Amino acid sequence: MAAGYAGRVDTLTAGCPSRPELAAVLVRPDGLTAWAADAGAKAPTSTAGLTEALEEWFGAPEGAVTPG
């Protein structure tokens with residue numbers, strides 16, 4: 001999902017020993033959490049809200065057609 005945000009969103013893989021249930025986190029530019037998912041969540045619940053959070057904080061993805 002982050003592919004459309006190249007140049008605006010960096011991706012990395014890491015673990016969090018104090019929160020092993022975390023599967024993914026989207027961090028806002030100001031350093032706060034914009035979205036998070038638990039490792040036990042099932043698709044599509046595991047990514048619910050991610051598209052909206054990406055668009056809110058980083059705009060439309062590259063190549064998106066905007067109405068207008």
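Here is a short walk through the structure shown above, from its overall layout to a few individual residues. Keep in mind along the way that this is a predicted model.

Let us begin with the overall layout. The protein has 68 residues, and its secondary structure consists of one helix and two strands. Reading from the N terminus, you meet these elements in the order β-β-α. The strands are E1, covering residues 22-27, and E2, covering residues 33-38; the helix, H1, covers residues 50-58. If you follow the C-alpha trace along its principal axes, it spans about 45 × 25 × 15 Å.

Next, consider the surface. About 5,100 Å² of the protein is exposed, and carbon and sulfur atoms supply 56% of that area. Of the residues, 16% count as buried. The chain also brings distant parts of its sequence together: among contacts between residues at least 6 apart in sequence, 44% join residues at least 24 apart.

Now let us look inside. In soluble globular proteins, nonpolar side chains tend to be buried together. Here, the largest nonpolar core is made of nine residues, namely Tyr5, Val9, Leu26, Trp35, Ala37, Leu50, Ala53, Leu54 and Phe58. Two elements, strand E2 and helix H1, each give two or more residues to this core. The largest share comes from H1, with four residues.

Two members of the core deserve a visit of their own. Leucine 50 touches Met1, Leu26 and Trp35, when residues up to four places away in sequence are not counted. Phenylalanine 58 also lies in helix H1. Is phenylalanine 58 buried or exposed? Its relative accessible area is 15%, so phenylalanine 58 counts as buried, the cut-off being under 20%. Leaving aside neighbours within four places in sequence, phenylalanine 58 is in contact with Tyr5, Arg8, Val9, Leu26, Val27 and Pro29. Its C-alpha atom is separated by 7.5 Å from that of tyrosine 5, although the two residues are 53 apart along the chain.

Other pairs from distant parts of the chain can be followed in the model too. Alanine 6 sits in the segment before E1. With a relative accessible area of 60%, alanine 6 is exposed, because the cut-off for that class is over 50%. The C-alpha atoms of alanine 6 and proline 61 are 8.6 Å from each other, with their positions 55 residues apart along the chain counted as their separation. Glycine 7 belongs to the segment before E1 as well. At 83% relative accessibility, glycine 7 is likewise exposed. Its C-alpha atom is separated by 9.8 Å from that of glutamate 62, which is 55 residues away along the chain.

Our last stop is the largest pocket, which has a volume of about 710 Å³. Its lining is made of 26 residues, and those closest to its centre are Leu12, Ala23, Ala24, Val25 and Leu26. E1, E2 and H1 each supply at least two lining residues. Which element gives the most to this lining? That is E1, with six residues. Sorted by class, the lining holds 18 nonpolar, five polar and three charged residues. Leu26 links several parts of this tour: Leu26 belongs to the largest nonpolar core, touches leucine 50, is in contact with phenylalanine 58, and is listed among the residues closest to the centre of the largest pocket.

Key: Residues numbered from 1 in each chain as written. Predicted model: local features only at pLDDT ≥ 70, side-chain atom pairs only at ≥ 80, totals over all residues. Heavy atoms only, no water. Core = buried A, V, L, I, M, F, W, Y, C linked by side-chain atoms within 4.5 Å. Buried < 20%, exposed > 50% of the residue type's maximum accessible area, 1.4 Å probe, protein only. Contact = heavy atoms within 4.5 Å. 1 Å grid on protein atoms, 1.4 Å probe; cavity = no way out; pocket = protein on both sides within 12 Å on 5 of 7 lines; lining within 4 Å. Points joined across faces, edges and corners; volume = space filled by probe spheres on them. Nonpolar A, V, L, I, M, F, W, Y, C, P; charged D, E, K, R; others polar. Areas by Shrake-Rupley, 256 points an atom, 1.4 Å probe, with all protein chains shown as cover.
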